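Reader: I would like a close look at a single part of this predicted model, namely its largest pocket. Please describe what lines that pocket, and then move outward to the parts around it.

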Amino acid sequence: MVVMKTILLSVVGSRLHGTATPNSDTDLRGVFLAPIEEILSPFATIKETNWIENDVDNVSYELRHFCRLASTGNPSALEVLVGTPHEETPEGTALKVLLPKFLSERCYDAFMGYSNNQEKKFRQDKDKRKHKYAMAHTRTLYQLLHLLKTGELIGSYSGGVVAELNAIRENMRSDTEIMSRIFQLEGECKTARELKMLPSEPDHKAIEAFVLSCYGYGTTTPRIE
C-alpha cells in the first residue's frame with residue numbers, strides 16, 4: 001500500500017486566532033508528499049487534497065498543489081505556514097522558512113477576494129451563521145492590513161482585535177457597525193498597499209527548488225536567502 005507522507009500539519013482556525021470557545025472544533029490543515037510512484041506514473045491521478053472530518057477537521061494539500069495555491073496568495077493555504085505546529089518534519093520546517101518567498105502583491109487580491117466572499121455569506125445568511133462570517137471577514141482584513149504594512153503574515157492577533165472579533169461573533173455589534181468597520185479596514189488596506197512592502201511576484205525559483213528537493217532532486221534543504 002502506497003502511503004502519503006505528511007510533512008506539516010498545523011492548528012488553524014479559531015484556536016490559532018484566539019477566538020475559540022469551549023465548543024469550538026479543532027481545525028487542522030497541512031501538506032503532504034504524494035508518493036513518487038504516482039508523481040512519475042503517466043497513469044496515476046494525483047490526489048491533491050485529503051480531507052478527514054470527525055472530531056477534528058483535517059484538510060491537507062499535496063505539496064505541489066499547496067505551493068501553487070500559496071504562491072497566488074491563497075489565505076487558507078498560507079495560514080498553514082503560520083499555524084501552531086501539530087506535526088512537523090524537517091521538510092515541513094523548511095517549508096515554513098520558505099514563507100516569505102510565497103508572499104507578493106498577489107496577496108492583496110487573494111485576501112480581498114476571500115474577505116468579500118465572507119461578506120456575501122454574511123449578507124445572505126442562508127445558514128443563520130452570519131456573525132461567524134462577519135468575524136472571518138473582519139479578521140481577514142486585519143491580517144491583510146498587517147501584511148501590507150509590515151510584509152509579515154501572522155495568524156494570531158492582539159487582545160484588542162480578538163475582543164473586537166469576539167464581540168462580532170457574539171452579536172454585540174449591529175450590522176451597520178460591522179459594515180462600517182469593514183469599509184474602514186478596506187480603505188486602510190488600500191492605502192497600505194501603496195507602501196509596496198511586498199514584491200510584485202512570489203519567488204518561483206526558490207519554491208520550485210524546494211519542491212524538487214523534497215523529491216530527492218538538488219539539495220536536501222533549499223537555501224533560503
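Author: The lining of the largest pocket divides by class into ten nonpolar, twelve polar and 13 charged residues. In this predicted model, the pocket encloses about 1,000 Å³ of space, and of the 35 residues that line the pocket, Gly 13, Ser 14, Asp 27, Tyr 114 and Lys 132 are the closest to its centre. Several elements give two or more residues to this lining, namely the helices H1 (14–17), H4 (75–79), H7 (106–124), H8 and H9 (159–169), together with the strands S2 (26–33), S3 (49–53) and S4. H8 makes the greatest contribution to the pocket lining, with nine residues.

Strand S4, which spans residues 56–62, is also where Asp 57 is placed. With a relative accessibility of 18%, Asp 57 counts as buried, because the cut-off for that class is under 20%. Apart from neighbours within four places in sequence, Asp 57 is in contact with Asp 25, Thr 26, Asp 27, Leu 28 and Ile 52, and one of these, Asp 27, is among the residues closest to the centre of the largest pocket. Another of the contacts, Asp 25, stands 32 residues away from Asp 57 along the chain, yet the C-alpha atoms of the two are separated by 7.4 Å.

The largest nonpolar core can be set beside the pocket. This core has 55 residues, and those that touch the most other members are Leu 63, Phe 66, Leu 78, Leu 95 and Phe 102. Helix H8, covering residues 130–150, gives the most to the core, with nine residues; H8 likewise gives nine to the lining of the largest pocket, the most of any element there. As for Phe 66, once its neighbours within four places in sequence are left aside, its contacts are Val 31, Tyr 61, Ala 77, Val 80, Leu 81 and Leu 95. In soluble globular proteins, nonpolar side chains tend to be buried together.

There remains the enclosed space. A search of the whole structure finds one cavity of 30 Å³ or more, and the space within the largest cavity comes to about 50 Å³. Its lining consists of Glu 105, Tyr 108, Leu 148, Arg 193, Lys 196, Met 197 and Leu 198, which by class gives four nonpolar, no polar and three charged residues.

Methods:
Residues are numbered from 1 along each chain as its sequence is written. This is a predicted model: local features need pLDDT of at least 70, side-chain atom pairs count only at pLDDT 80 or more; totals for chains, interfaces and linings use all residues. Side-chain values use heavy atoms; hydrogens and water are left out. Helices (H or I, at least four residues) and strands (E, at least two) are DSSP runs, numbered from the N terminus. Buried means under 20% relative accessible area, exposed over 50%, partly exposed in between (1.4 Å probe, protein chains only). Contact means heavy atoms within 4.5 Å. A nonpolar core is a set of buried Ala, Val, Leu, Ile, Met, Phe, Trp, Tyr and Cys residues joined through side-chain atoms within 4.5 Å. On a 1 Å grid over the protein atoms alone, a cavity is a set of points where a 1.4 Å probe fits but cannot get out, and a pocket is an open set with protein on both sides within 12 Å along at least five of seven lines; lining residues have an atom within 4 Å of a point. Grid points are joined across faces, edges and corners, and a volume is the space filled by probe spheres set on the points. Ala, Val, Leu, Ile, Met, Phe, Trp, Tyr, Cys and Pro count as nonpolar, Asp, Glu, Lys and Arg as charged, and the others, Gly among them, as polar.
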